[in-house]
Amino acid sequence: MRCIRMCAASALCVAACAESTTKLTAANFAAEVDAHTGEPYVWVVKFYSEMCGSCQALVPTWDKLRESVPGVHWGEVSIDEKENVALASKYGVLDEGIPNIKLFTADGQAQPILTGDTIVASDMSEAAART
């Protein structure tokens, strides 16, 4: 398996070496993501809606990245589910737009990678092009 480097806007870089995507909800987010704060790996979490055309257009790229970047925990939060709207709001997703991808670092910080249709971390798009 091949590893690539992803960098968030804060210049935090991780060598990412893939797992399946975990369906995250307001009910399990803390147990899945927050519980691992301080451990040497990160989560990449996509906030999306089934009714969002841009979200659907992102699916092939998301899948390609997920399959080619092992060692990172991958999660998805559907904001179509009423219980997840407050979770999305907590991380600024409702203000920034969807699709929205956040990198949750080992120190518990959420770094933006993609907000709305804007790629914040240029290395993410470069990583997609190389896969």
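# Contacts, cores and helix α2

Beyond its neighbours within four places in sequence, Cys55 makes contact with Tyr48, Ser49, Ile98 and Pro99. The model in which these contacts occur is a predicted one, and its chain comprises 5 helices and 8 strands. Of the 131 residues in the chain, 45% are buried, and the points below take up the overall layout, the cysteines, helix α2, the nonpolar cores and a few individual residues.

**Overall layout**

- Read from the N terminus on, the order of elements is β-β-β-α-β-α-β-α-α-β-β-β-α, in which the 5 helices and 8 strands of the chain are interleaved.
- About 6,300 Å² of the chain is exposed, and carbon and sulfur atoms account for 52% of that area.

**Cysteines and the cis peptide bond**

- Cys55 lies in helix α2 and is counted as buried because its relative accessibility is 2%, under the 20% cut-off.
- The C-alpha atom of Cys55 is separated by 9.0 Å from that of Gly116, although their positions lie 61 residues apart along the chain when counted as a sequence separation.
- Cys52 has a relative accessible area of 13%, which is also under 20%, and therefore counts as buried.
- The structure holds 0 disulfides, so no pair of cysteine sulfur atoms in the model lies within 2.5 Å.
- Pro99, one of the contacts of Cys55, is joined to Ile98 by a cis peptide bond with an omega of about 0°, and Pro99 itself sits in the loop between α4 (93–96) and β6 (100–104).

**Helix α2**

- Helix α2 covers residues 53–68, 16 residues in total, and spans 24 Å from its first C-alpha to its last, which is close to the 22 Å expected at 1.5 Å a residue.
- Within α2 there is a kink of about 40° at Val59, and the proline Pro60 follows shortly after this position.
- The buried residues of the helix are Cys55, Leu58, Trp62, Leu65, Arg66 and Ser68.
- An α-helix has 3.6 residues a turn, so residues three or four places apart point the same way.

**Nonpolar cores**

- The largest nonpolar core contains 14 residues, and Phe29, Val45, Phe47 and Phe104 are those with the most contacts inside it.
- Two elements, β4 (43–48) and α3 (85–90), give two or more residues to this core, and β4 supplies the largest share, 3 residues.
- Another core, of 12 residues, lies apart from the largest one and includes Val44, Leu58, Leu65 and Trp74.
- When residues up to four places away in sequence are set aside, Val45 touches Leu24, Phe29, Trp62, Gly75, Val77, Asn100, Ile101, Lys102 and Phe104.
- In soluble globular proteins, nonpolar side chains tend to be buried together.

**Lys46 in strand β4**

- Lys46 is found in strand β4 and is buried, because its relative accessible area of 4% is under the 20% cut-off.
- Outside residues up to four places away in sequence, Lys46 touches Leu58, Val59, Trp62, Gly75, Glu76, Val77, Asn100 and Ile101, so that its partners include Val59, where the kink of α2 lies.
- Lys46 and Asn100, which are 54 residues apart in sequence, have C-alpha atoms 5.7 Å apart in space.

**Ser89 in helix α3**

- Ser89 has its place in helix α3, and its relative accessibility of 41% falls between 20% and 50%, which means that Ser89 counts as partly exposed.
- From C-alpha to C-alpha, Ser89 and Ile79 are 9.7 Å apart in space, with a separation of 10 residues in sequence.

Conventions. Residues numbered from 1 in each chain as written. Predicted model: local features only at pLDDT ≥ 70, side-chain atom pairs only at ≥ 80, totals over all residues. Heavy atoms only, no water. Buried < 20%, exposed > 50% of the residue type's maximum accessible area, 1.4 Å probe, protein only. Core = buried A, V, L, I, M, F, W, Y, C linked by side-chain atoms within 4.5 Å. Helix = DSSP H or I, 4+ residues; strand = E, 2+ residues; numbered from the N terminus. Contact = heavy atoms within 4.5 Å. Expected span 1.5 Å × (residues − 1). Bend = angle between axes of the 7 residues up to and from the residue. Areas by Shrake-Rupley, 256 points an atom, 1.4 Å probe, with all protein chains shown as cover.
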